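Colleague: Could you pick one part of this model and take me through it slowly? I'd like to hear about the charged side chains, and then how that part sits in the whole.

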Amino acid sequence: GGTLRVVLKEGKKRQIRRMARELLGMHVISLTRTRIGDVRIDLPQGKWRPLREKEAASIFFAGRSMPN
C-alpha cells in the first residue's frame, strides 16, 4: 500500500475514488480532507471549532472578490 496526495479544486461525489480506479488501477481505502479552500482542517475526528472571521469570508466569497 502507499499514499497518494491529490489536490482537487472542484469535484463531484466520489470523483477521487473514480479517478484512482480508472486512471491508476488503484482501490481507495480511505480519504482524508485536509482543507476546504483556505481553511485548514487540523482537528481530531469528531471535533469542531468556530470559523475565524477571515476563514468564513474566504468560504463565503469563494470564486468572488472579497470586499476590503
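Modeller: One cut-off first: a residue is called buried when its relative accessible area is under 20%, exposed when it is over 50%, and partly exposed in between. Keep in mind, too, that this is a predicted model.

With that in hand, start at Glu 55. Its relative accessible area is 12%, so it falls under the 20% limit and counts as buried. Glu 55 belongs to a salt bridge with Arg 49, where the N to O distance is 2.8 Å. It also pairs with Arg 52, this time at 3.0 Å from N to O. Since these bridges share a partner, Arg 49, Arg 52 and Glu 55 end up in one network.

What does the surface look like from each arginine's point of view, buried or exposed? Arg 49 sits at 25% relative accessibility, which makes it partly exposed. Arg 52 comes out at 51%, so it is exposed. In other words, the buried acid is held in salt bridges by one partly exposed arginine and one exposed arginine.

Now bring in Val 39, as it touches two members of that network. Setting aside residues up to four places away in sequence, Val 39 is in contact with Thr 34, Arg 49, Leu 51, Glu 55, Ser 58 and Ile 59. So Arg 49 and Glu 55, the pair bridged at 2.8 Å, both turn up on that list. Val 39 is buried as well, with a relative accessibility of 7%, and its place is in strand β2, which covers residues 39-40. Helix α2 spans residues 53-60. Val 39 and Ala 56 are 17 residues apart along the chain, and their C-alpha atoms are separated by 8.6 Å.

Just past that helix, in the segment after α2, you find Ala 62. Ala 62 is exposed, at 51% relative accessibility. Its C-alpha atom is 9.4 Å from that of Asp 38, with the two positions 24 residues apart along the chain.

So how does this corner compare with the rest? The structure holds three salt bridges. The one not yet mentioned joins Arg 21 and Glu 22, with 4.0 Å from N to O. Glu 22 is exposed at 57%, whereas Glu 55 is buried at 12%. On the charge count, the protein carries 16 positive and 6 negative side chains, and the centres of the two sets lie 6 Å apart.

Stepping back, the elements run α-β-β-α from the N terminus, which comes to two helices and two strands. Of the 68 residues, 9% count as buried, and Glu 55 and Val 39 are among them. The radius of gyration is 15 Å, while a compact globule of 68 residues would be near 11 Å. The C-alpha atoms fill a box of roughly 45 × 30 × 15 Å along the principal axes. About 7000 Å² is exposed, with 53% of that area supplied by carbon and sulfur atoms.

One last oddity, away from the network. Most residues other than glycine have a negative phi. Arg 14 has a positive one, about 65°, although it is not a glycine. Arg 14 lies in the segment before α1 (15-24), and at 54% relative accessibility it is exposed.

Methods. Residues are numbered from 1 along each chain as its sequence is written. This is a predicted model: local features need pLDDT of at least 70, side-chain atom pairs count only at pLDDT 80 or more; totals for chains, interfaces and linings use all residues. Side-chain values use heavy atoms; hydrogens and water are left out. Helices (H or I, at least four residues) and strands (E, at least two) are DSSP runs, numbered from the N terminus. The radius of gyration is taken over C-alpha atoms; the globule rule is 2.2 Å times the number of residues to the power 0.38. Buried means under 20% relative accessible area, exposed over 50%, partly exposed in between (1.4 Å probe, protein chains only). Accessible areas come from the Shrake-Rupley method with a 1.4 Å probe; for residues, only the protein chains shown count as cover. Lys and Arg count as positive and Asp and Glu as negative; His and the chain ends are not counted. The place of a charge is taken as NZ of Lys, CZ of Arg, CG of Asp or CD of Glu. A salt bridge is a side-chain nitrogen of Lys or Arg within 4 Å of a carboxyl oxygen of Asp or Glu. Contact means heavy atoms within 4.5 Å.
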